[in-house]
Amino acid sequence: MRSPARVPARVLLPAATLAAGLLTALPGTATAAPSGLSGDFNGDGHRDVAISAPAATVGGKSWAGQVAVAYGTASGSPDPARRTLISQNSPGIPGEAEKDDEFGHQIATADLNRDGYSDLVVTSSREKVGSHPDSGTVVIVWGSSSGLSGGTTVDNPQPLHGSYFGLGLAAGDFTGDGKPDLAVSAQGDTGTNPFKIRLIRGPFSKSGATGSLTSYAAPLEAPTLTAGRVNGDSKSDLVVTGRKTNSDRLGAAVYYKGTASGLTKGATLRAGTTAAIGDIDGDGYGDIALGNPDEPDEEPSGSKGGEVSVVYGTSSGPSATRRTTLTQSSAGIPGASEYGDNFGASVAVGDLDGDGRADLAAGAPGESLGSEPDLILSAGTVTVLRGAASGLTTAGALALTQDSPGIPGAAESIDNFGATLLASDIGADGRTDLTVTASQENDDAGAVWHLPGAKDSLYSTTTSTSFGPSKVGLSTKYSAFGSSLAG
């Protein structure tokens, strides 16, 4: 079996010391029929935000991992005081917190048992299964009127030493039967490229029963997965990002079409390490945004400082001709391309201004601000571009930092603002809100910002909020807080 060296490496920073996570009681829970909204774990009509901390120490076990959930409110912001903190030591959650499990490596949301409450899916890609270290597990934490409670393991179909089941994760109805499915990537034991994508069909039950399973040879190594509807039908499609087989440098992305019988491999796209899907031009088809932060000496097809590409959707999938690539040196983009900016390290797509077209946010967590002698190194920025009938436009583009109007805090060196992004309508007002992390805020503690969408300015300059790990019951020591977001 191939060496696991291609699995994404950890950030080499000190591990934290955290108390074991508990599922806390949720005050003021919903009593009416559940909303059915994706990401609404307690069914009250407001999407919630799940924040992973896979490096968290639990019960003295370093890198055991936790996930914090801040529930959405009528005010339009997630409330860290109304929260659930989940680890493998939490009541009702399968397994036990152990060193290096990395519970929360990937997270996703879907109503997997179709009861009207969204459920949270959590991977623990380094979990030991039986006698196999680093085999990996996937756990569903169930939504309810009182919030997230109890969990069920999704069986690893091939528990091997170093299979890393849960390396990539996406939830969506890939077969169009009305039953959400899970796509999970892992490393197998055969083939030139042993990485696999497992499509586990719904429905899912609390007893552990699922629909059928289909295994696909992954087109790329160390594949990460993004779900969304590209060709306008009722089925979710899948975008796979990763490295070309037997290449340490060449990246790529591959589109898979959802069909009644499963996933069908389609077009190979431009290189990307992150992806998001949304209808940028309002034509009814999902467009694919790909972020590629790698420098040309790391990824020959990349751009200095990083790049973001958009592949527009059609009735048959991604367009073969209608594609665009932007860097920070492109006309109308704030700033300039500089080595180490990491533009495209994160991407998110959502209708921030409520005009019926999705807008694009792209993080550049390595961006430095100002100039010598007052240069703020790797403070980080998020560039926001509007969607238009003609496609993505740079007219009115914004560069958001912690020094932007209404954004709490202040830009400081090595904050890495924009490391992770999530677009989700938490306020239930028809405008998508933006959740932004700064992975190294406050000496590696990390923090999360909620930037509500707004008609004219794309984000609210008056109601934006921020909170760090202590507000959701986590230690302020390094836990990789916010390395993955879902909601």
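**Strands, sheets and cores in a predicted model**

Good morning. I begin with one pair of residues: Ala423 has Leu434, in strand 25, as its bridge partner. The model is predicted, so local features are described where pLDDT is at least 70, side-chain atom pairs count only at pLDDT 80 or more, and totals for chains, interfaces and linings use all residues. Residues are numbered from 1 along each chain as its sequence is written, and side-chain values use heavy atoms, with hydrogens and water left out.

Let me fix the vocabulary. Strands are DSSP runs of E with at least two residues, numbered from the N terminus. Two strands are said to pair if DSSP finds at least two bridges between them. In general, strands of a sheet pair through backbone hydrogen bonds, either parallel or antiparallel.

I turn to the sheet that holds this pair of residues. It is an open sheet of 4 strands in the order 24-25-26-27, with antiparallel pairing. Strand 24 (417–424) and strand 27 (465–467) are its edge strands, and each pairs on one side only. Neighbouring strands of the sheet are turned by 20° against each other on average, direction ignored; the axes behind this angle are lines fitted to C-alpha atoms.

Strand 25, residues 433–438, is joined to strand 24 by 6 bridges and to strand 26 by 5 bridges. In the latter pairing, Thr437 has Val448 of strand 26 as its bridge partner. Strand 26 (447–451) and strand 27 run antiparallel and are joined by 3 bridges, and here the partner of His450 is Thr465.

Is strand 25 enclosed or open to its surroundings? All 6 of its 6 residues are buried, so the strand is largely enclosed by the rest of the structure. Buried here means under 20% relative accessible area, exposed means over 50%, and partly exposed lies in between, with a 1.4 Å probe and protein chains only. Both faces are covered: Asp433, Thr435 and Thr437 are buried on one side, and Leu434, Val436 and Ala438 on the other.

A contrasting position is Ser316, in the loop between strand 18 (307–314) and strand 19 (317–326). Ser316 is exposed, with a relative accessible area of 60%. Its C-alpha atom is separated by 34 Å from that of Ser125, 191 residues away along the chain.

Another open sheet of 4 strands has the order 4-5-6-7, again with antiparallel pairing. Strand 4 (103–110) and strand 7 (151–154) stand at the edges with a single partner strand each, so one side of each has no neighbour in the sheet. The average turn between neighbouring strands of this sheet is 25°, direction ignored. Within it, strand 5 (119–124) and strand 6 (137–141) are joined by 5 bridges, and Val121 has Ile140 as its partner.

Next, a hairpin. Strand 22 (381–386) and strand 23 (393–400) pair in the antiparallel sense over 4 bridges, with Val384 opposite Leu398. The hairpin has 6 residues between the strands, and Gly391 takes a positive phi near 115°.

I close with the nonpolar cores, that is, sets of buried Ala, Val, Leu, Ile, Met, Phe, Trp, Tyr and Cys residues joined through side-chain atoms within 4.5 Å. The largest has 19 residues, of which Phe174, Ile197, Leu225, Leu238, Val240, Tyr256 and Leu263 touch the most other members. Strand 10 (195–200), strand 12 (221–228), strand 13 (237–243) and strand 14 (251–259) each supply at least two residues of this core. Apart from it lies another core, of 18 residues, including Ala289, Ala364, Leu392 and Ala397. Thank you.

Note on methods:
Axes are lines fitted to C-alpha atoms, for helices over the stretch in contact, and angles run from 0 to 180 degrees between N-to-C directions.
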